[in-house]
2 protein chains.
Amino acid sequence: MPARREQLNRDRVLAAAVALADAEGADAVSMRGLAQRLGVVPMALYKHVANKDELLDGMIDAVVLEIEAPVDGLDWRSAVRRRILSARTVLLRHPWARRAMESKTTPTPIVLAYMDSTIGIFLGGGLSVDLTHHVMHALGSRIYGFTQELYDTTPAIEIPPEVAQFMAMQFPNIVAVVTSSPHDPGSVVGPGCDDQFEFEFTLDLFLDGVERLHHKGWHS
Amino acid sequence: MPARREQLNRDRVLAAAVALADAEGADAVSMRGLAQRLGVVPMALYKHVANKDELLDGMIDAVVLEIEAPVDGLDWRSAVRRRILSARTVLLRHPWARRAMESKTTPTPIVLAYMDSTIGIFLGGGLSVDLTHHVMHALGSRIYGFTQELYDTTPAIEIPPEVAQFMAMQFPNIVAVVTSSPHDPGSVVGPGCDDQFEFEFTLDLFLDGVERLHHKGWHS
DNA sequence: CTTGACAGGTGTACAGCGTACACCTACTGT
DNA sequence: ACAGTAGGTGTACGCTGTACACCTGTCAAG
């Protein structure tokens, strides 16, 4: 009997899937690819996850669980800000998670628990249920630490000069805005200009607005 | 010679693809499915679009072209608001377009032109280049008329009472917030609570903040 | 009038995907 | 000792996008 390799289990499968996605991107996580990585035949995985969708759920759960728990003793605004920025640092470690979360339509209990505790910060801070409701919608994916930057306006490859000139002709406003201030590649989640500064800028713009509504006694 | 069916061309292919997606959802738009719809063999499509990715680009372009052009004679805030709400009504007609746009990483010239003219509204209204830059990031997908509602918190199926009780135990805050005010199913783009009221609420929260920054002479 | 290029539709084929289903094997509780 | 079961295997199916060779009708040039 050969030295038996360690038995698979759900957590090992999920951990391997996350590691594979971290290392080679989400596309590398196919049932076949993941199985190979684990030295196992594809169908073996189905003994531990129901299907690929559930595998993705598990991967997302693993990421969400890395987000720091709410900190006691802070005002609601600081607590929310801190938690969201914690979510962001987690997503910087797992850039694939952004698209994975976007592509899902139903939350897992773990994601629900994350949302619930985040909502709890607002309600605990005295915000009305209605205002909290709207704020959660307004935040959208931002509570998970990323914004939806649809397109990458700062391409990695340098653009040839004739293209640059063409762009300046066709899209003068884009060029004016994009060339005004560069982004920090180290702080972006996935493609796009979703860097740390922009993220915090918008987050604070939001929280300012919410705080103002709250102080005005906004109710519905 | 049988009555020859009308020849294919790029526009007919794109129009059929959009119609198919409208009618049966984005998943129905496979090269084989679309070809069948056009009474043609799958490979015939490749004489008119380079590959499936370009097909999707073309479909998105078709949708973006439906968005109303900027209206002259309005202040920047009204002009932006109007344009974004126009984008939203377009996306209500083509709910599949939301995910399609999310899944792309590179904009087409037509999408760039849309962005350019939208940026032009801000710059033309006197906003600084820097502020405009941040605002475009902050708006994110909102300039295309949808928000990123990751999860559908108002499921279509009614939930059994024991599940409801379990939810109330596990996620009291979510339940409190979700049950507070219902959403209008007719005004949502895709799954989630992205309804018209929430959309405008957040849009105005944004525009308020931007206007305030602008009046403060915000520059960098 | 012929000829040759070419645009556009066809047919076959392949690699990759998720996964259903039958099987086999080793361990466990009675 | 025996039955049950958890977990890994092998084969196979239908689906996807698409490469490549082919054929056919139209049209312009010699």
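This report describes a predicted model of two protein chains with two DNA strands.

**The two copies**

Two copies of a chain are related by a rotation about an axis and a shift along it. Here, a turn of 180° with a shift of 0.0 Å along the axis lays chain A on chain B, and the RMSD is 0.1 Å. The two copies are therefore related as by a two-fold rotation axis. Of the interface residues of chain A, 100% are also interface residues in chain B, so the copies meet through the same surface.

**DNA strand C**

There are 18 residues around DNA strand C, and those that come nearest are A:Arg32, A:Lys52, B:Met43, B:Lys47 and B:His48. Of the atoms of DNA strand C that come within 4 Å of the protein, sugar and phosphate make up 42%. By class, the surface near this strand holds eight nonpolar, four polar and six charged residues.

B:Lys47 reaches a base: an N or O atom in the side chain of B:Lys47 is 2.4 Å from a base oxygen of DNA strand C. B:Leu8 and B:Val41 each have a backbone atom in a contact with a phosphate oxygen of DNA strand C, as the table below lists.

**DNA strand D**

DNA strand D also has 18 residues around it, with A:Met43, A:Lys47, A:His48, B:Arg32 and B:Lys52 coming nearest. Sugar or phosphate accounts for 42% of the atoms of DNA strand D within 4 Å of the protein, and the rest belong to bases. The surface near DNA strand D consists of eight nonpolar, four polar and six charged residues.

Contacts with phosphate oxygens of this strand involve A:Leu8, B:Ser30 and B:Lys52. B:Ser30 uses a polar side-chain atom, whereas B:Lys52 uses a polar backbone atom.

The table gives polar contacts to phosphate oxygens for both strands.

| Residue | Part of residue | DNA strand | Distance to phosphate oxygen |
|---|---|---|---|
| B:Leu8 | backbone | C | 3.2 Å |
| B:Val41 | backbone | C | 3.0 Å |
| A:Leu8 | backbone | D | 3.1 Å |
| B:Ser30 | side chain | D | 3.2 Å |
| B:Lys52 | backbone | D | 2.8 Å |

**The nonpolar core**

The largest nonpolar core has 127 residues, among which A:Leu55 and B:Leu55 touch the most other members. Neighbours within four places in sequence aside, A:Leu55 is in contact with A:Val13, A:Leu14, A:Ala17, A:Val29, A:Met31, A:Leu34 and A:Val49.

Technical notes: Residues numbered from 1 in each chain as written. Chains lettered and ligands numbered in written order. Predicted model: local features only at pLDDT ≥ 70, side-chain atom pairs only at ≥ 80, totals over all residues. Heavy atoms only, no water. Near = heavy atom within 4 Å. Polar contact = N/O pair within 3.5 Å; in protein donor to acceptor, adjacent residues only side chain to side chain. Nonpolar A, V, L, I, M, F, W, Y, C, P; charged D, E, K, R; others polar. Least-squares fit on C-alpha atoms with pLDDT ≥ 70 in both. Contact = heavy atoms within 4.5 Å. Core = buried A, V, L, I, M, F, W, Y, C linked by side-chain atoms within 4.5 Å. Buried < 20%, exposed > 50% of the residue type's maximum accessible area, 1.4 Å probe, protein only.
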